[in-house]
Structures are given as structure tokens and as C-alpha cells.
Amino acid sequence: MTVRGTMPAHTTTFIGRRAVLAETEALLGKARLVTLVGPGGVGKTRIAVETGRAAARAAVFQHGVRVVPLAGLRDPALLARAVAAQLGIVDNSPVAGLGRLVESLYDKHLLLVLDNCEHLLEAVRHLVHHLLRDCEGLTILATSRDQLGVYGEHLVRVPPMSADDDAAPLLLERAEAVHDLPDVAALDGLPLTIELAAGLSPVDQLEQHVTLEQMLERSASRCTDGERRLWAALSVFPADFDMAAAEAVAGELEPLPALVRKSIVVATTSQVTGLTRYRLHGTVSQFGARLLMDADEPLRRYVLHYSAFVDEATRSWFSPDDALWTARLREEWPNVRAAIGQALATPGLAEVGTVMAMNVQRTRFTLFAGMLGEARDLLAAAREVITEPRLRTSLLAHCAYLAQAQGDMSAAIPLMQEARTLPRRPVTDVQLLLVEATHLFFVEGSPDCVPLYAHVVELCRRYASPGDTYITELMHAMATCFLLDAEAANKATTSLSRLAESNGVEWSHAWGLWHHALYELLHGDPAQVHPLAVESLRIQLTLGDTWSPAHGLWLLACTCAELGAYDRAARLLGALRSQERVSRISFASMSPFHKLLERADRTVRRALGDDYPVITTLGADLRYEQVMEFALEPVPDSERRPAKPALPGGLTRQEFTIAGLVAEGLTSRQIGARLFISPRTADRQVVNIRAKLGLPNRVSLAAWHRSATDTGGR
């Protein structure tokens, strides 16, 4: 698994601190854990980032440098999940823990920077101990007001800036427009103190030594009442935020430019929207929280703003702007996650938090980003507090469907059973109906799911968002393709393809191609499957979708087995098993998928013999990028079996096989058992074959097949 991430962008120039930088870099050359220790505002974060930049420029670490900011994380239980998310590591595990981090980092030569650890000391201590023990190539640089207390830790105590060497240039840089600068000797050498001093009015001379606390008090005293109220209100944000969020929480924003000039608020630029975002240094935010007369109202506004943001994302992501919405959700995730946690812990807001937790999953963001583990954590927390019957029914059904999507039937079935016992809205609460249909599809492999999916689609068109509606249409088409005859499958596939072409959503287009490929594999020409599946996979990878590629690998593995490209199929089968483990999706628990995969596996085993385990292991050992590169390759003609001649009567391969089984005297029930389809589907296909050939009964169909076989039609 690749570790993704980038260094934070520069916001100001870096001045001084040469001795501390040199000491830190020297220690990182011989120690695996270095902690920058010092009071708030002394510049630990900036030193850590600059040290990381230097290491990245010098290519000291083979797999680079990754910075994980922890200031906005308030729940220690989410630490491992949050680190994985920041590193771009897929963590869809239903149980929170260090497993995915260790699995992804154990073979990496990487510098991991954990910034602002002091409020999560016990959790960070546990995480760092296990990462260093299990990941031999990992080096950790931490920043904290207190040492971590982990064996092997080397401390670098970050001192205040000296007046001669560092502080004066910094003050000049930050306050170049101010003509009467404060006396550097009066400052305590903390960069934050200097930043705040630079923001004071020129008439604010410092005539005695000033600590950071005193500087914060002085800055607050020089603020207007409106500026202090805004400072206090903005302290509820655990991470950076945009102007819309600031206005929703604080109301009047006229004092905001003054707070920026005074270095109380820092302005940055969003890499997603290009608009201005704002943040408060941790120490400044903590001081601002003390200015709050009552935190309840700002926190309530904070929750309601991000509830509205998630609601808008739920309605709007299924559009040509789907990639933008995914990026915006990722940018706002620290605030969204905190808002859900705050709502679930606040009387009167728990229902809002529950709907937020469900809507986040409806945007498919957590699915795309490989963060289903966090999604399931939040939903589990909601189940602990929600008792109102109708909302609890929706919540349980929502959780059950999420588990079904991963093939986690042991979790899905109890949730579904509890939801069945509770009151429900018979028309608008479609979630439980979707779960019932998916249970019939995945667990029982019953064609009865198809009309139920069709009913859910109609309800979604009336009551649900476009994205939810498309999901049900996709599931309906998929079930039709797996469980019904070629005519019904062709109709469903054509309808889905038209939707994908008309809605302008790239994610939808990718799944439309995937489904067309599935139809060709099951009912048409397997030779057409590969280019369709490859193009679908290419779009998914371009979008950064971490979930859908597993389905692409499943389809390509089955296809290569059908084409006779057995070596390639074996590698893909091995890679698929590895991807299933990483993404926590189990095709073995989804009956129609499992049956086709099992057939492909048997075919490849017979063809390769003793080479089978060797080649599948080679596929399983490929890194994620290698797997995808291999999967996107065209299948050389040299790896394919010779193309079969066209079948008599224009029948498909499966139709000709069924005609042969009729000729052998098998009943529809026996045909269904042989081909892993239902007796009803087998009987319907026999009727369709007779209609296509113009034959009156099964006896004449058997005679036709014997004649076609005798004349070499096969």
C-alpha cells in the first residue's frame, strides 16, 4: 500500500533557528524518535516542518516525509484512524486499531512527523511505541509541550529565539510596515509572542519583559469588543475554516481583517477552491476559549453549519462537480468529524449528528477515501445514543447496508434483524427495503431481489437524492445481470449506460462501463469485457477512488480466466485477494460474485497445475501501483485461447450451453444447480431460447441442439 501525502505549504518565510535545526537533523541521523519539546508558541511546528523539508530535499528517506497535524483531533480513540487518513492509507476495518498503519508502514523507510501531541499524550505514546517496534524503517519526529516518554526517545528542547540572532529579523519581517517597533529585548523570544508583538499598534511600546500569556492579554486588551467576541467564537474551530463557516459561527465578520493584522488569526489559501481559509494557533485558540462567556451557542452554530455543508454535499456530489465535492469533503473532514462528535455528545443535537454521520457516507467520500472505518465508528457512536424508533430504524438499516457493501454479513444481519422489529415509515424510509433487497441478492442469490430493487428505485426517484437513486439503479441492474436472463440483463444494462452517459458524473460513467463489461461476461462476448473493464478502472484511479478498483480486479480476473489468459488470471486472483484484505471487502460473502470467482479459480487451477500457487503468490506480493499498472495492460494475443467460432442460431455461449443441458434431459432445477442460477432463471432462459429459434417445446430444442452439434456447430 502506498503512503500518500504532502508537506504543508509555506505561509511565511522561515527565519533563524539554525542551531536547533542542526541539532534536530543530527539526531535524526542516528535516532528513530526525536521529540521537539517546548512551550506553546516557541516554534516547534515550524522547526519540524523545515526539518522535514530539508530531509525531503536531500532524499534522506526513501519513501519521503509525511507530516500529520494532530491539533484538530480531540478524541484519542481516533488517533490511528486519523493518522491513516492523513497518510492516505486505506482503513476500512470495522475495528479501530493500529493494524492498517503497521501493515502499510512496516516496509517503508519514512520520516513521520507527528505535530502537536501534548493533548493526546497517552494515545500518541501507545501509537509511537508500536510503530517503532513493528516498522523498522520508520523514523518519527514529534512536537509536544511534554516529552512522550517512549523508550529510545531523544529530546530537543526548543529555546526562545535570541534577541541578537533570530528575534530581531523575525520582528522586522513580520512588522515591516510598522515604523516604531517594540523593543526586541522586551519579548520572551517565543515566535508567537513576536508575531503578536508585530501586530500591535506602533504606539504600543513594550517597556518591560513580556511573556506569551502577557502578550495574549495585551493583544486582547487592545482589541475592540467585537474583535474579542470574534476571537472567542472562532476558538471553537479545531482546524482551519473558510469565511462561510466563520460567519455561520460568529455572525459579524467585520473585525476579521483586524484579527489577521494582529496575527491572532492566520489567513491561508485553499488548495481546493483557491479561496481564503483561516486558522488560530493552538495557544491563541485556547486563550480565545477563555474569552467565551458561554460556548454552547457557538458550538451549536458550528454543528449546524457543518450539518448544512454535509447536507449540501449529499445533494450535490452526484454531478459533474463530483471530484470537487470529494476534495472539499477531504479539506473539511477534521471539522465535519469534530462536529459529528460534538453533536452526538450534546443533548438536543444527537439526531443532527446521526443524520450527518449517515449523510457523510451517502456522499461516498469515506468510501472513495478508504475511510469506512471512521464512518462505521461514527455510526456506532450514533447507535449508542439514538433511541427514537424511526430514526433508529433508518440508522440500523444504514449501518447494515454499509456492512453488506463490504461483505460483512456477520455484522449486517443482526442490524437488519433489529431494524425489522422497529417502526418504520412505509413509503419514504427506503433504506431498510434496500437492505432487504441486498440480503436477497448477496446472501441468498435470489432473483426475488430484482423486483424489490425496482420498487426501491421508484421510491428513491420520489424521495431520495440523485446519488442514492443511482446507487439503487446500479444495484438493480447488477442483480438483473447476475440472476435473470440475457434479455432482461441487456435491457437493464442499456438503461444504466444511458444514465451514465447523460448525467456527466465520471464515477457513474466508470460504473456504467463496469456493468457493461459484466453483461458481456455473463451473457455476451468475453472478448469485449477487457477493454471496458480497463477503461472503467482507469477512470476510478484518476478520481482517486480507493474502493471501486477491487471490483475491477474481480471482473478482470474472471475475464482473463474466460479468455484463457491463465497466467494473467492467476496473478490477478492473487492481487485481488490482497486487495480484498486491504479494502476489507469480501467477495466470498456475496454469493453471485463468489460463484463466478470460484469458477474462474477452478479453471485457472486446472490449467496451471503446480504453477498456480506460485503465480498467485506473485500477484499477491505486488504493490498497489504495480497491481493497477498490470491490470491496465492489454491482454496480448499470445496469452489468449483461439477465438471460438460463432454459435448456431445466434445463441450466446450460455444459451447454447443451456440448450445442450436440455438435450441431456436435465430439468430447469438441475440446469440451475449446474450453472449456479435459480430454477426460475433457467426456465425463463429455456423459453427465451425456444422463442429465438422459433421452436415449440423442449423436445424440439433438444433435437435442434443434437443436430447443431452433429454438424460441427460447436
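How many Å should the 17 residues of helix α23 span, and how far apart are its end C-alpha atoms? Keep that in mind as you open the viewer; this is a predicted model, and our tour begins at that helix.

**Stop 1: helix α23**

Select residues 486-502, which form α23. At 1.5 Å a residue, this helix should span 24 Å, and its end C-alpha atoms are indeed 24 Å apart, so expectation and model agree.

Now colour the buried residues of α23: Ala-486, Ala-489, Ala-492, Thr-493, Leu-496, Ser-497 and Ala-500. Look down the axis of the helix, and you will find these residues within an arc of 135 degrees, so they line one face of α23. Turn to the other side of α23, where Glu-487, Lys-491, Arg-498 and Ser-502 are exposed.

What do the buried residues of α23 pack against? Show α22 (466-483), α24 (506-523) and α31 (653-663), and you have the partners of that buried set.

Before leaving, visit both ends of the helix. At the start of α23, pick Asp-485: one of its side-chain oxygens comes to within 3.1 Å of the backbone nitrogen of Glu-487. Just after α23, click on Gly-504, whose phi is positive, at about 75 degrees.

**Stop 2: helix α30**

Next, select residues 624-631, helix α30. Its buried residues are Tyr-624, Val-627, Met-628, Phe-630 and Ala-631. These residues sit on the same side of α30 because they cover an arc of only 160 degrees around the axis. To see what covers them, add elements including α25 (529-543), α26 (549-563), α27 (566-583) and α29 (611-620).

**Stop 3: the nonpolar cores**

Which members of the largest nonpolar core touch the most other members? Show Trp-231, Tyr-306, Phe-441, Phe-482 and Trp-554 as sticks; they hold that place in a core of 157 residues.

Centre the view on Phe-441. Setting aside neighbours within four places in sequence, Phe-441 is in contact with Cys-449, Tyr-453, Met-475, Met-478, Ala-479, Phe-482, Leu-483 and Pro-592. Apart from this largest core lies another, of 34 residues; select Val-68, Leu-78, Leu-112 and Leu-138, which are among them.

**Stop 4: Asn-335 and its surroundings**

Move to helix α14 (residues 322-344) and select Asn-335, which is found there. Is Asn-335 buried or exposed? With a relative accessibility of 0%, Asn-335 counts as buried.

Draw a distance from its side chain to the side chain of Tyr-306, and you have a polar contact of 3.2 Å. Tyr-306 was also one of the core residues named at the previous stop. Not counting residues up to four places away in sequence, Asn-335 touches Phe-237, Pro-238, Ala-239, Asp-240, Phe-241, Arg-277, Tyr-302 and Tyr-306.

**Stop 5: a sheet of 3 strands**

One of those contacts, Phe-241, takes us on to a sheet. Show the open sheet with the order β6-β8-β7, whose 3 strands pair in the antiparallel sense. The edges are β6 (241-242) and β7 (266-269); each has a single partner strand, so one side of each is left without a neighbour in the sheet.

Zoom in on β6 and β8 (residues 276-279), which are joined in antiparallel fashion over 2 bridges. Pick Phe-241 again: its bridge partner in β8 is Tyr-278.

**Stop 6: Thr-354**

Select Thr-354 in helix α15 (residues 350-362). Thr-354 has a relative accessible area of 0% and is buried. Add Leu-344, Ala-382, Ile-386, Leu-391 and Leu-395: these are its contacts once neighbours within four places in sequence are left aside.

**Stop 7: two loop residues with positive phi**

Go to the loop between α2 (44-57) and β2 (65-69), and click on Ala-59. Its phi is positive, at about 50 degrees, although Ala-59 is not a glycine. At 57% relative accessibility, Ala-59 counts as exposed.

Then find Asn-116 in the loop between β3 (110-115) and α5 (121-134). Asn-116, too, is a residue other than glycine with a positive phi, near 70 degrees. Asn-116 is buried, with a relative accessible area of 19%, the cut-off being under 20%.

**Last stop: the whole chain**

Zoom out. The chain has 34 helices and 8 strands, and 57% of its 714 residues are buried. Among contacts between residues at least 6 apart in sequence, 71% join residues at least 24 apart.

Notes:
Residues numbered from 1 in each chain as written. Predicted model: local features only at pLDDT ≥ 70, side-chain atom pairs only at ≥ 80, totals over all residues. Heavy atoms only, no water. Buried < 20%, exposed > 50% of the residue type's maximum accessible area, 1.4 Å probe, protein only. Helix = DSSP H or I, 4+ residues; strand = E, 2+ residues; numbered from the N terminus. Arc of directions from axis to C-beta. Contact = heavy atoms within 4.5 Å. Expected span 1.5 Å × (residues − 1). Polar contact = N/O pair within 3.5 Å; in protein donor to acceptor, adjacent residues only side chain to side chain. Core = buried A, V, L, I, M, F, W, Y, C linked by side-chain atoms within 4.5 Å. Pairing = 2+ DSSP bridges.
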